Amino acid sequence: MTDVLGITVPIYLAILAGYLAVRSGSLKAADNHALGRFAINFALPALVFMAIALQRLADTLNWAYIGSYFVGSAGIGLAVLAVMRWMGHRGETAAACYALGAVSSNSAFVGYPVLLLAVPKVAGTALALNTVVENLMVMPLFLFLAESGLGSGVAGHSALRAIGRVMTRPLVVGLFAGLFVAVWRLQMPIFISRTMEMFAQASGVLTLFFVGGTLAESRMAHLLGGVASLVVTKLVLHPVGVWLAIALIGTMLFGGLDADLKTAAVLMAAMPVMAMYSVLVQRYHAEDSAAATLLLTTLGSFATLNVLLWILLRPGS
């Protein structure tokens, strides 16, 4: 258990540092947002680029990982959407937003730093693979369903615009740039690779600090009870769904994953909801509950991640 705490405690201490910095006023909220923009627009794209560009394409496009993670995530998300609709608690658009939160992991800001300590050899690869699945597969699916539920004649066009915005995000651009280098086996000049490495190395603690600062701005206590089931689904059912998909679909159709990538996939699914979730659902007037979900899943994941890491990393597991 000490080894597990050695992984999680530094992660949450970095988050706490960001929280206290903003809460105490030593760092303004606007400054914290600037740190977040630097991370998402420069440091993390550089990390994804280097994770892909420096590997063989066959290792980067690991179809067992991509297929298993997508099937597990989409399966849980669609089940959540169906239950919400069947119970009559939400309309189609609101249910799709709820489902998106249930399967959208904070892979970049929290997931990568955790993997860097738990399974460092595959941390960059797992982040790159999750960037593919989340940005090009899972997110477009539920955004399209949310748009379809609006009943507007331009819903399809709106969904395409949303997907277009996803495709032009710096993280996705870094992904495609890395794929281009890997496909053509280009040799980067040393000054380019070292510059990219410097930006990439800044991503770990910076992203965690930003999450803490973001939580310090949350004023959503009145909404916390309404997202309790979503928190449980995200932190418990999502990793279970991905684990089942790896055990069944991944093994049968793609030949399976090595132990480190299995661990990485399940851990990525167990992360809190992505930081940009509230931005994604703002169009559907769900940003307040999204912010509450971010707060609760980040706090709750300290307990669930410790348990999961103990299960996954114990000898003989």
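Here are some worked exercises on the predicted model shown above.

**Ground rules.** Residues are numbered from 1 along each chain as its sequence is written. Because the model is predicted, local features need pLDDT of at least 70 and side-chain atom pairs count only at pLDDT 80 or more, while totals for chains, interfaces and linings use all residues; side-chain values use heavy atoms, with hydrogens and water left out.

**Exercise 1. Get an overview of the protein chain.**
Task: find how many helices and strands the protein chain has, and what share of its residues is buried.

Solution.
- Step 1: the chain has 15 helices and zero strands. Helices (H or I, at least four residues) and strands (E, at least two) are DSSP runs, numbered from the N terminus.
- Step 2: of the 317 residues, 51% are buried. Buried stands for under 20% relative accessible area, exposed for over 50%, and partly exposed for values in between (1.4 Å probe, protein chains only).
- Step 3: turn to the contacts, meaning heavy atoms within 4.5 Å. Among those with a separation of 6 or more, residues 24 or more positions apart account for 85%.
- Step 4: the chain exposes about 14300 Å², with 68% supplied by carbon and sulfur atoms. Accessible areas come from the Shrake-Rupley method with a 1.4 Å probe, and for residues only the protein chains shown count as cover.

**Exercise 2. Describe how helix 6 meets helix 13.**
Task: work out at what angle the axes of helix 6 and helix 13 cross, and which residues make the contact.

Solution.
- Step 1: choose the descriptors. Two packed helices are described by the angle between their axes and the distance between the axes.
- Step 2: apply them. The axes of helix 6 (residues 107-118) and helix 13 (residues 259-269) come within 10 Å, crossing at roughly 145 degrees. Axes here are lines fitted to C-alpha atoms, for helices over the stretch in contact, with angles from 0 to 180 degrees between N-to-C directions.
- Step 3: list the partners. Helix 6 contributes S107, G111, Y112, L115 and A118, and helix 13 contributes A264, L267 and M268.
- Step 4: sort them by type. Six are nonpolar, two polar and none charged. Ala, Val, Leu, Ile, Met, Phe, Trp, Tyr, Cys and Pro count as nonpolar, Asp, Glu, Lys and Arg as charged, and the others, Gly among them, as polar.
- Step 5: check the cover on helix 6. Ten of its twelve residues are buried, including F109, V110 and P113.

**Exercise 3. Place two buried helix residues.**
Task: decide whether A265 is buried or exposed, and find which residues S301 touches.

Solution.
- Step 1: A265 sits in helix 13 and counts as buried because its relative accessibility is 1%.
- Step 2: leaving aside residues up to four places away in sequence, A265 touches Y65, Y69, V242 and I246.
- Step 3: A265 and A126 lie 139 residues apart in sequence, yet their C-alpha atoms are 7.1 Å apart.
- Step 4: S301 belongs to helix 15 (residues 287-313), and its relative accessible area of 0% makes it buried. With the same exclusion of residues up to four places away, S301 touches Y12, L235, A270, P272 and N306.

**Exercise 4. Examine a loop residue.**
Task: find the phi of R185 and settle whether R185 is exposed or buried.

Solution.
- Step 1: recall the background. Most residues other than glycine have a negative phi.
- Step 2: R185 is not a glycine, but has a positive phi of about 50 degrees.
- Step 3: R185 is in the loop between helix 9 (170-184) and helix 10 (190-201).
- Step 4: R185 counts as exposed because its relative accessibility is 74%.
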